[in-house]
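Work through the exercises below with the sequence and the 3D view side by side. Each task is followed by a solution in steps.

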Amino acid sequence: MTATAPAAEAAVRKGPPGAARGRRPGRIRRIGLPYLLLLPALLLELLVHLVPMVIGIVMSFKELTQFHIRDWGSAPWAGLDNYTVSVDFDAPVGKALLHSFLVTIAFTLLSVGLCWLIGTAAAICMQDGFRGRGLLRALFLVPYALPVYAAVITWVFMFQHDNGLVNHVLHDQLGITGKPSFWLIGDNSFAALLTVSVWKGWPFAFLIVMAGLQNIPRELYEAAALDGAGMIQQVRRITLPSLRPVNQVLVLVLFLWTFNDFNTPYVMFGKTAPEAADLVSVHIYQASFVTWNFGTGSAMSVLLLLFLLVVTGVYLALTSRGRRTAP
(Lines give C-alpha, C1' and ligand atoms only; values in the text may rest on other atoms or scores of the structure.)
Protein backbone atom coordinates (compact mmCIF):
# COMPACT_ATOMS: atom_id res chain seq x y z
CA MET A 1 0.00 0.00 0.00
CA THR A 2 2.75 2.39 0.93
CA ALA A 3 4.89 1.28 -2.02
CA THR A 4 2.27 2.25 -4.57
CA ALA A 5 1.48 5.64 -3.03
CA PRO A 6 4.38 7.54 -4.62
CA ALA A 7 3.56 6.04 -8.01
CA ALA A 8 -0.08 7.06 -7.69
CA GLU A 9 0.92 10.55 -6.60
CA ALA A 10 3.25 10.86 -9.59
CA ALA A 11 0.51 9.70 -11.93
CA VAL A 12 -1.89 12.30 -10.53
CA ARG A 13 0.76 15.03 -10.88
CA LYS A 14 1.53 13.95 -14.43
CA GLY A 15 -2.11 14.19 -15.41
CA PRO A 16 -3.96 12.45 -18.21
CA PRO A 17 -2.11 11.43 -21.39
CA GLY A 18 -3.77 14.17 -23.48
CA ALA A 19 -2.64 16.97 -21.15
CA ALA A 20 0.89 17.11 -22.65
CA ARG A 21 -0.56 17.29 -26.12
CA GLY A 22 -2.84 20.09 -24.96
CA ARG A 23 0.04 22.09 -23.51
CA ARG A 24 2.15 21.76 -26.66
CA PRO A 25 -0.23 23.72 -28.94
CA GLY A 26 -0.45 26.42 -26.30
CA ARG A 27 3.31 26.69 -26.21
CA ILE A 28 3.43 26.86 -30.00
CA ARG A 29 0.86 29.66 -29.93
CA ARG A 30 2.93 31.58 -27.39
CA ILE A 31 6.07 31.18 -29.49
CA GLY A 32 4.29 32.16 -32.69
CA LEU A 33 2.56 35.20 -31.19
CA PRO A 34 5.58 37.56 -31.60
CA TYR A 35 5.92 36.57 -35.23
CA LEU A 36 2.20 37.13 -35.72
CA LEU A 37 2.49 40.62 -34.23
CA LEU A 38 5.46 41.39 -36.51
CA LEU A 39 3.64 40.20 -39.61
CA PRO A 40 1.91 43.57 -40.44
CA ALA A 41 5.23 45.43 -40.20
CA LEU A 42 6.96 42.80 -42.35
CA LEU A 43 4.23 43.04 -44.97
CA LEU A 44 4.49 46.83 -45.06
CA GLU A 45 8.28 46.58 -45.30
CA LEU A 46 7.88 44.17 -48.19
CA LEU A 47 5.40 46.46 -49.89
CA VAL A 48 7.29 49.72 -49.39
CA HIS A 49 10.91 48.67 -49.84
CA LEU A 50 11.50 45.20 -51.17
CA VAL A 51 8.91 45.18 -53.96
CA PRO A 52 10.11 48.49 -55.51
CA MET A 53 13.69 47.26 -55.14
CA VAL A 54 12.94 44.09 -57.09
CA ILE A 55 11.05 46.09 -59.73
CA GLY A 56 14.01 48.47 -60.05
CA ILE A 57 16.42 45.56 -60.53
CA VAL A 58 14.18 44.13 -63.27
CA MET A 59 13.95 47.56 -64.93
CA SER A 60 17.74 47.80 -65.02
CA PHE A 61 17.80 44.89 -67.49
CA LYS A 62 15.28 46.51 -69.85
CA GLU A 63 15.57 49.20 -72.49
CA LEU A 64 12.98 51.33 -70.73
CA THR A 65 12.46 54.81 -72.16
CA GLN A 66 9.54 57.23 -72.45
CA PHE A 67 8.10 55.14 -75.28
CA HIS A 68 7.36 52.24 -72.91
CA ILE A 69 6.45 54.17 -69.80
CA ARG A 70 2.74 53.23 -69.93
CA ASP A 71 3.56 49.52 -70.09
CA TRP A 72 7.11 49.08 -68.86
CA GLY A 73 6.78 45.32 -68.94
CA SER A 74 6.67 45.42 -72.74
CA ALA A 75 10.04 47.21 -72.98
CA PRO A 76 12.65 45.17 -74.88
CA TRP A 77 15.17 43.18 -72.87
CA ALA A 78 18.56 44.91 -72.75
CA GLY A 79 20.54 42.43 -70.70
CA LEU A 80 23.70 44.00 -69.28
CA ASP A 81 23.77 46.85 -71.80
CA ASN A 82 22.62 49.44 -69.23
CA TYR A 83 25.38 48.38 -66.83
CA THR A 84 27.95 48.40 -69.61
CA VAL A 85 27.01 51.96 -70.56
CA SER A 86 27.11 53.08 -66.92
CA VAL A 87 30.61 51.73 -66.22
CA ASP A 88 32.12 52.72 -69.59
CA PHE A 89 34.15 55.62 -68.23
CA ASP A 90 35.44 56.58 -71.68
CA ALA A 91 31.90 57.31 -72.91
CA PRO A 92 29.97 60.45 -71.87
CA VAL A 93 27.46 58.59 -69.66
CA GLY A 94 30.07 56.62 -67.75
CA LYS A 95 32.41 59.60 -67.47
CA ALA A 96 29.62 61.75 -66.00
CA LEU A 97 28.69 59.00 -63.55
CA LEU A 98 32.32 58.59 -62.44
CA HIS A 99 32.63 62.34 -61.88
CA SER A 100 29.42 62.36 -59.86
CA PHE A 101 30.65 59.37 -57.83
CA LEU A 102 33.95 61.08 -56.99
CA VAL A 103 32.15 64.29 -56.02
CA THR A 104 29.84 62.27 -53.77
CA ILE A 105 32.78 60.49 -52.13
CA ALA A 106 34.54 63.76 -51.35
CA PHE A 107 31.32 65.37 -50.15
CA THR A 108 30.43 62.40 -47.92
CA LEU A 109 33.86 62.10 -46.31
CA LEU A 110 34.05 65.83 -45.54
CA SER A 111 30.47 66.02 -44.29
CA VAL A 112 30.70 62.93 -42.08
CA GLY A 113 34.07 63.98 -40.69
CA LEU A 114 32.93 67.51 -39.86
CA CYS A 115 29.62 66.33 -38.42
CA TRP A 116 31.37 63.85 -36.15
CA LEU A 117 34.05 66.36 -35.10
CA ILE A 118 31.65 69.19 -34.30
CA GLY A 119 29.09 66.89 -32.66
CA THR A 120 31.71 65.19 -30.47
CA ALA A 121 33.30 68.48 -29.44
CA ALA A 122 29.93 69.98 -28.55
CA ALA A 123 28.89 66.87 -26.58
CA ILE A 124 32.13 66.90 -24.58
CA CYS A 125 31.72 70.60 -23.81
CA MET A 126 28.13 69.97 -22.69
CA GLN A 127 29.14 67.08 -20.41
CA ASP A 128 29.81 69.17 -17.30
CA GLY A 129 26.96 71.03 -15.69
CA PHE A 130 26.76 74.82 -15.91
CA ARG A 131 24.11 77.49 -15.99
CA GLY A 132 22.17 77.45 -19.26
CA ARG A 133 23.33 74.01 -20.37
CA GLY A 134 19.77 72.80 -21.03
CA LEU A 135 19.02 75.83 -23.20
CA LEU A 136 22.18 75.30 -25.25
CA ARG A 137 21.35 71.64 -25.75
CA ALA A 138 17.92 72.58 -27.03
CA LEU A 139 19.37 75.19 -29.39
CA PHE A 140 21.94 72.71 -30.73
CA LEU A 141 19.14 70.33 -31.72
CA VAL A 142 17.16 72.94 -33.66
CA PRO A 143 18.80 72.18 -37.07
CA TYR A 144 18.04 68.49 -36.63
CA ALA A 145 14.44 69.15 -35.59
CA LEU A 146 13.60 71.54 -38.44
CA PRO A 147 11.99 70.09 -41.58
CA VAL A 148 14.57 69.57 -44.30
CA TYR A 149 12.77 71.62 -46.93
CA ALA A 150 12.22 74.61 -44.67
CA ALA A 151 15.84 74.61 -43.51
CA VAL A 152 17.34 74.20 -46.98
CA ILE A 153 15.09 76.86 -48.53
CA THR A 154 16.20 79.26 -45.80
CA TRP A 155 19.82 78.56 -46.69
CA VAL A 156 19.03 79.13 -50.38
CA PHE A 157 17.83 82.63 -49.56
CA MET A 158 20.95 83.22 -47.46
CA PHE A 159 23.18 82.14 -50.37
CA GLN A 160 21.61 84.54 -52.86
CA HIS A 161 24.12 86.60 -54.81
CA ASP A 162 22.61 90.09 -54.50
CA ASN A 163 20.73 90.16 -51.21
CA GLY A 164 21.87 87.03 -49.38
CA LEU A 165 23.05 87.12 -45.79
CA VAL A 166 26.24 85.18 -46.53
CA ASN A 167 27.53 87.69 -49.07
CA HIS A 168 26.39 90.56 -46.87
CA VAL A 169 28.50 89.29 -43.97
CA LEU A 170 31.53 88.07 -45.91
CA HIS A 171 31.75 90.94 -48.41
CA ASP A 172 29.96 93.98 -47.02
CA GLN A 173 30.77 93.67 -43.32
CA LEU A 174 33.96 91.61 -43.00
CA GLY A 175 35.47 92.34 -46.41
CA ILE A 176 36.83 88.79 -46.74
CA THR A 177 35.80 88.44 -50.38
CA GLY A 178 36.65 90.98 -53.05
CA LYS A 179 33.18 90.80 -54.58
CA PRO A 180 29.90 89.00 -53.87
CA SER A 181 30.21 85.30 -54.70
CA PHE A 182 27.85 83.00 -56.52
CA TRP A 183 27.17 80.20 -54.06
CA LEU A 184 24.48 78.25 -55.93
CA ILE A 185 26.35 77.90 -59.23
CA GLY A 186 29.95 77.16 -60.16
CA ASP A 187 32.64 75.75 -57.91
CA ASN A 188 31.29 77.47 -54.80
CA SER A 189 28.20 75.27 -54.95
CA PHE A 190 30.18 72.41 -53.40
CA ALA A 191 31.08 74.54 -50.36
CA ALA A 192 27.48 75.72 -50.05
CA LEU A 193 26.14 72.18 -50.20
CA LEU A 194 28.70 70.99 -47.67
CA THR A 195 27.82 73.83 -45.30
CA VAL A 196 24.13 72.99 -45.34
CA SER A 197 24.81 69.27 -44.93
CA VAL A 198 27.07 69.79 -41.92
CA TRP A 199 24.71 72.34 -40.38
CA LYS A 200 21.76 69.97 -40.38
CA GLY A 201 23.77 66.78 -39.70
CA TRP A 202 26.04 67.56 -36.76
CA PRO A 203 23.21 67.81 -34.16
CA PHE A 204 22.49 64.12 -34.76
CA ALA A 205 26.11 63.28 -33.97
CA PHE A 206 25.90 65.56 -30.94
CA LEU A 207 22.80 63.75 -29.69
CA ILE A 208 24.27 60.25 -30.12
CA VAL A 209 27.64 61.10 -28.58
CA MET A 210 25.99 62.92 -25.70
CA ALA A 211 23.93 59.80 -24.97
CA GLY A 212 27.07 57.66 -25.12
CA LEU A 213 28.87 59.94 -22.66
CA GLN A 214 26.25 59.17 -20.02
CA ASN A 215 27.54 55.59 -19.78
CA ILE A 216 31.12 56.59 -18.93
CA PRO A 217 31.66 56.48 -15.13
CA ARG A 218 32.65 59.80 -13.63
CA GLU A 219 35.11 57.99 -11.37
CA LEU A 220 37.41 57.45 -14.36
CA TYR A 221 37.73 61.20 -14.93
CA GLU A 222 38.22 61.87 -11.24
CA ALA A 223 40.97 59.26 -11.00
CA ALA A 224 42.63 60.64 -14.14
CA ALA A 225 42.49 64.17 -12.72
CA LEU A 226 44.14 62.97 -9.50
CA ASP A 227 46.91 61.40 -11.58
CA GLY A 228 47.55 64.75 -13.25
CA ALA A 229 45.85 64.09 -16.62
CA GLY A 230 44.59 67.18 -18.38
CA MET A 231 41.42 67.55 -20.41
CA ILE A 232 43.06 66.55 -23.70
CA GLN A 233 44.60 63.44 -22.13
CA GLN A 234 41.26 62.51 -20.58
CA VAL A 235 39.56 62.79 -23.95
CA ARG A 236 42.26 60.69 -25.66
CA ARG A 237 42.59 58.03 -22.96
CA ILE A 238 39.04 57.78 -21.59
CA THR A 239 36.38 59.48 -23.70
CA LEU A 240 37.29 58.36 -27.22
CA PRO A 241 38.07 54.71 -26.32
CA SER A 242 34.83 54.46 -24.34
CA LEU A 243 32.86 55.95 -27.23
CA ARG A 244 34.33 53.57 -29.83
CA PRO A 245 31.22 51.33 -30.13
CA VAL A 246 28.96 54.38 -30.36
CA ASN A 247 31.18 56.07 -32.95
CA GLN A 248 31.32 52.95 -35.10
CA VAL A 249 27.55 52.92 -35.50
CA LEU A 250 27.34 56.71 -35.76
CA VAL A 251 29.88 56.96 -38.58
CA LEU A 252 28.16 54.21 -40.56
CA VAL A 253 24.73 55.81 -40.22
CA LEU A 254 26.06 59.25 -41.16
CA PHE A 255 27.86 57.78 -44.17
CA LEU A 256 24.76 56.04 -45.51
CA TRP A 257 22.53 59.06 -44.91
CA THR A 258 24.93 61.53 -46.49
CA PHE A 259 25.82 59.37 -49.49
CA ASN A 260 22.13 58.83 -50.30
CA ASP A 261 21.04 62.39 -49.54
CA PHE A 262 18.72 63.63 -52.26
CA ASN A 263 16.56 66.27 -50.58
CA THR A 264 19.33 68.74 -49.79
CA PRO A 265 20.91 69.06 -53.29
CA TYR A 266 17.53 68.86 -55.02
CA VAL A 267 16.01 71.68 -52.97
CA MET A 268 19.15 73.80 -53.31
CA PHE A 269 19.84 73.38 -57.03
CA GLY A 270 16.73 71.85 -58.59
CA LYS A 271 16.75 69.16 -61.26
CA THR A 272 20.13 70.14 -62.73
CA ALA A 273 22.78 70.48 -60.06
CA PRO A 274 26.05 72.29 -60.84
CA GLU A 275 28.94 70.10 -61.91
CA ALA A 276 30.81 70.77 -58.66
CA ALA A 277 27.84 69.58 -56.58
CA ASP A 278 26.57 66.80 -58.83
CA LEU A 279 25.86 64.08 -56.27
CA VAL A 280 25.03 60.54 -57.33
CA SER A 281 21.47 60.73 -56.02
CA VAL A 282 20.64 63.76 -58.18
CA HIS A 283 22.61 62.35 -61.10
CA ILE A 284 20.51 59.18 -61.09
CA TYR A 285 17.38 61.30 -60.91
CA GLN A 286 18.52 63.24 -63.96
CA ALA A 287 19.35 60.06 -65.84
CA SER A 288 15.90 58.65 -65.06
CA PHE A 289 13.43 61.53 -65.08
CA VAL A 290 15.15 64.23 -67.14
CA THR A 291 16.57 62.19 -69.99
CA TRP A 292 13.78 59.58 -69.69
CA ASN A 293 16.19 56.66 -69.70
CA PHE A 294 14.80 54.65 -66.82
CA GLY A 295 16.76 51.52 -67.69
CA THR A 296 20.12 53.27 -67.34
CA GLY A 297 18.96 55.09 -64.22
CA SER A 298 17.87 51.81 -62.65
CA ALA A 299 21.23 50.25 -63.50
CA MET A 300 22.99 53.16 -61.79
CA SER A 301 20.79 52.69 -58.73
CA VAL A 302 21.66 48.99 -58.55
CA LEU A 303 25.36 49.80 -58.85
CA LEU A 304 24.98 52.33 -56.05
CA LEU A 305 23.21 49.73 -53.92
CA LEU A 306 25.98 47.18 -54.51
CA PHE A 307 28.64 49.76 -53.63
CA LEU A 308 26.93 50.65 -50.35
CA LEU A 309 26.45 46.97 -49.48
CA VAL A 310 30.15 46.27 -50.08
CA VAL A 311 31.26 49.32 -48.07
CA THR A 312 28.90 48.44 -45.22
CA GLY A 313 30.05 44.80 -45.18
CA VAL A 314 33.74 45.74 -45.17
CA TYR A 315 33.18 48.38 -42.49
CA LEU A 316 31.28 45.98 -40.23
CA ALA A 317 33.91 43.28 -40.74
CA LEU A 318 36.74 45.64 -39.85
CA THR A 319 34.99 47.09 -36.82
CA SER A 320 33.95 43.68 -35.50
CA ARG A 321 37.52 42.40 -35.92
CA GLY A 322 38.75 45.46 -34.05
CA ARG A 323 36.38 44.70 -31.17
CA ARG A 324 37.58 41.09 -30.99
CA THR A 325 41.25 42.06 -30.96
CA ALA A 326 40.78 44.91 -28.47
CA PRO A 327 42.18 44.13 -25.00
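The expected span of a helix is 1.5 Å times one less than its number of residues. The model used here is predicted.

**Exercise 1. Compare the expected span of helix α9 with the distance between its end C-alpha atoms.**

Solution.
- Step 1: Helix α9 covers residues 188-213, which is 26 residues.
- Step 2: At 1.5 Å a residue, α9 should span 38 Å.
- Step 3: The end C-alpha atoms of α9 are 37 Å apart, so the two values agree.
- Step 4: Check the course of the helix as well. α9 has a kink of about 30° at G201, shortly before the proline P203.

**Exercise 2. Describe how helices α10 and α11 cross, and list the residues that meet.**

Solution.
- Step 1: Locate the helices: α10 is residues 218-226 and α11 is residues 231-242.
- Step 2: Their axes come within 11 Å and cross at roughly 150°.
- Step 3: The crossing of α10 past α11 is right-handed.
- Step 4: From α10, the residues in contact are L220, Y221, A224 and A225; from α11, they are Q234, I238 and T239.
- Step 5: Sorted by class, this contact has 5 nonpolar residues, 2 polar ones and no charged ones.
- Step 6: For the spacing along a helix, recall that an α-helix has 3.6 residues a turn, so residues three or four places apart point the same way.

**Exercise 3. Find where A276 lies and which residues it touches, leaving out those up to four places away in sequence.**

Solution.
- Step 1: A276 sits in the loop that runs between α13 (263-269) and α14 (280-290).
- Step 2: The residues touched by A276 are V103, G186, D187, S189 and F190.
- Step 3: Take V103 from that list. V103 and A276 are separated by 173 residues in sequence, while their C-alpha atoms are 7.1 Å apart.

**Exercise 4. Is G297 buried or exposed, and what about W292?**

Solution.
- Step 1: Buried means under 20% relative accessible area, and exposed means over 50%.
- Step 2: G297, in helix α15, has a relative accessible area of 0%, so G297 is buried.
- Step 3: G297 touches I284, A287 and S288, with residues up to four places away in sequence not counted.
- Step 4: W292 lies in the loop between α14 and α15. Its relative accessible area is 40%, so W292 is partly exposed.
- Step 5: Note the backbone too: W292 is not a glycine, yet has a positive phi of about 60°.

**Exercise 5. How many helices and strands does the protein have?**

Solution.
- Step 1: The protein has 15 helices and 0 strands.
- Step 2: Of its 327 residues, 33% are buried.

Conventions. Residues numbered from 1 in each chain as written. Predicted model: local features only at pLDDT ≥ 70, side-chain atom pairs only at ≥ 80, totals over all residues. Heavy atoms only, no water. Axes fitted to C-alpha atoms, helices over the stretch in contact; angles between N-to-C directions. Helix = DSSP H or I, 4+ residues; strand = E, 2+ residues; numbered from the N terminus. Left-handed = near helix turned anticlockwise from the far one by under 90°. Contact = heavy atoms within 4.5 Å. Nonpolar A, V, L, I, M, F, W, Y, C, P; charged D, E, K, R; others polar. Bend = angle between axes of the 7 residues up to and from the residue. Buried < 20%, exposed > 50% of the residue type's maximum accessible area, 1.4 Å probe, protein only.
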